[in-house]
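Work through the exercises below with the sequence and the structure open beside you. Try each task before you read its solution.

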Amino acid sequence: MRLIFPVFSPIFEAQNRIIRMAQFELIMPKMGESVAEATITKWLKSEGDKIEADESVLEIATDKVDSEVPAPKGGILIKRLFNEGDVVQVGSAIAIVGDTAEASAPAPSVPLTSPATVAPAAAPAAPAASAAPVTTQISPAAGDRFYSPLVRTIAKEEGISQDELDRIPGTGKDGRVTKENILAYLATRGTAAPVVPAVASVAAPAPVVSAAPAPAPAPVAPAKSNIVVNPGDEIIEMDRMRKLIADHMVRSKATSPHVTSFVEADVTNIVKWRDRVKTQFEKREGEKLTFTPIFIEAVVRAIKDFPGVNASVDGTNIILRKDINVGMATALPSGNLIVPVIRNADQKNLVGLTKSVNDLANRARENKLTPDEISGGTFTLTNVGSFGNVMGTPIINQPQVAILAVGAIRKKPVVIETPQGDFIGIRHMMFLSHSYDHRVVDGSLGGRFVRRVADYLEQFDLDRAL
């Protein structure tokens, strides 16, 4: 055996290397700048199914968009690493894919590496060494409880055993342990040094369970108990997208101190110009001309004047964005909201903006947007006027620092100043509501920006050529 093993070991290793090279991990794609995880809504392929290159393997969803994950190359789906309904961190492996020969590879791979264990008697001789990896071997699931790849990685790096991890109360979906839960636990775990060595004792774990995790569930329990359900009330569980939107909005309010400035703009010239050219525009371009691209054009011009609103905050650093990527909040038939992004909006003319607005809005309602089309926004515009509202106080779309809401256009009597004197006339008026992050955008910048947008709208050329 000793003579044969060295001769064949390169062959064994080569075969193993081929098997490993034949496999690749299907990775959860990046779904946007502020999106760290996605939910698997449906597996389109089962284990053992053949997959063509660029063929969709599963459907995923975030608070922004539903999408499909294609395979970068063809092969056989060997292993699904998560189930439907699981929340997976961006960048994590979600499946193992191999070529056709891979289906039979796992079975022979065991004996190929088995010669390395020629001396089986040595294994039981070192019980102390085998105990160490046990404490850091974390299972993806324990009973009905699922642990994300991020949580498992932190647990392994910090030497948290499976038993210890199972005792940490979670505030995530279905009681899952979140990154915040495990980090909060680690912050106090260090103060109780005997915790790890005292795992064998019954009394030692008691203070660990009550020390750090106890505050986490405290805010959750009273929330439900304080709600009184009266006879005739209907209880409707939020759908997946609504839950994620709710979380996104709460985090935005918790992150950014919101301030809102209001300006009323006279958009009479815009209304008259659009009424005059919209039929000709549609015949020539095959697109309906709405007010939204005109508003976006004014926003882009104002951002160039005040680039401080086209930014993000990273700790104590302000990131001024070079690109001007305008998100446009779009209502879906379900009542939910999505924000597709017009990239490099400053490089498009009115026709280009119109085509982008119409295309993104239509595909958003048909659930056909790609992840790239709802990520990377640097400023957001929302049209509350489309619902008949005159103004609103929009919530910032993180990690941006500002959002502008445009209200309904209404005819109003307005005092008009002329060199010959003032008079009252009927004008088309619209409120602009600008919400901004007061950590980095003060009232001066936020107020002057929205005023500049209004100025550009009011100075719109009534004789502008198409």
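**Exercise 1.** Find which strand is joined to strand 3 by two bridges, and state how the two strands run.

*Solution.* Begin with strand 3, which is joined by two bridges to strand 6 (residues 75–80), and note that these strands run antiparallel. Strands here are DSSP runs (E, at least two residues) and helices are DSSP runs too (H or I, at least four residues), numbered from the N terminus, and two strands pair if DSSP finds at least two bridges between them. At the level of residues, Ile51 has Gly75 in strand 6 as its bridge partner. Next, place the pair in its sheet, which is open, has four strands in the order 1-8-6-3 and shows antiparallel pairing. Strand 1 (24–27) and strand 3 (50–51) stand at the edges with a single partner strand each, so one side of each has no neighbour in the sheet.

Before going on, note that this is a predicted model, in which local features need pLDDT of at least 70 and side-chain atom pairs count only at pLDDT 80 or more, while totals for chains, interfaces and linings use all residues. Residues are numbered from 1 along each chain as its sequence is written, and side-chain values use heavy atoms, with hydrogens and water left out.

**Exercise 2.** Work out which residues have the most contacts inside the largest nonpolar core, and which helix gives the most to this core.

*Solution.* First fix the term: a nonpolar core is a set of buried Ala, Val, Leu, Ile, Met, Phe, Trp, Tyr and Cys residues joined through side-chain atoms within 4.5 Å, where buried means under 20% relative accessible area, exposed means over 50% and partly exposed lies in between (1.4 Å probe, protein chains only). The largest such core has 56 residues, and those with the most contacts inside it are Leu432, Phe449, Val453 and Leu457. Helix 11 (residues 292–305) gives the most to this core, with eight residues. Then look at Phe449, which touches residues including Val299, Ala302, Ile303 and Phe379, when residues up to four places away in sequence are not counted; a contact means heavy atoms within 4.5 Å. A second, separate core has 21 residues, among them Met28, Val35, Ala38 and Val69.

**Exercise 3.** Find which residues form salt bridges with Arg451, and decide whether Arg451 is buried, partly exposed or exposed.

*Solution.* A salt bridge is a side-chain nitrogen of Lys or Arg within 4 Å of a carboxyl oxygen of Asp or Glu, and the structure holds 16 of them. Arg451 forms one with Asp455, where the closest N and O atoms are 3.0 Å apart, and another with Glu458, where they are 3.3 Å apart. Arg451 and Asp455 are separated by about one helical turn, because they lie four residues apart in helix 13 (residues 443–458). Now read the accessibilities: Arg451 is partly exposed at 30%, Asp455 is partly exposed at 22%, and Glu458 is partly exposed at 30%.

**Exercise 4.** Describe the salt bridge between Lys243 and Glu237, and state how exposed each partner is.

*Solution.* The side chains of Lys243 and Glu237 meet at 3.0 Å, N to O. Lys243 is partly exposed, with a relative accessible area of 37%, whereas Glu237 is exposed, with 65%.
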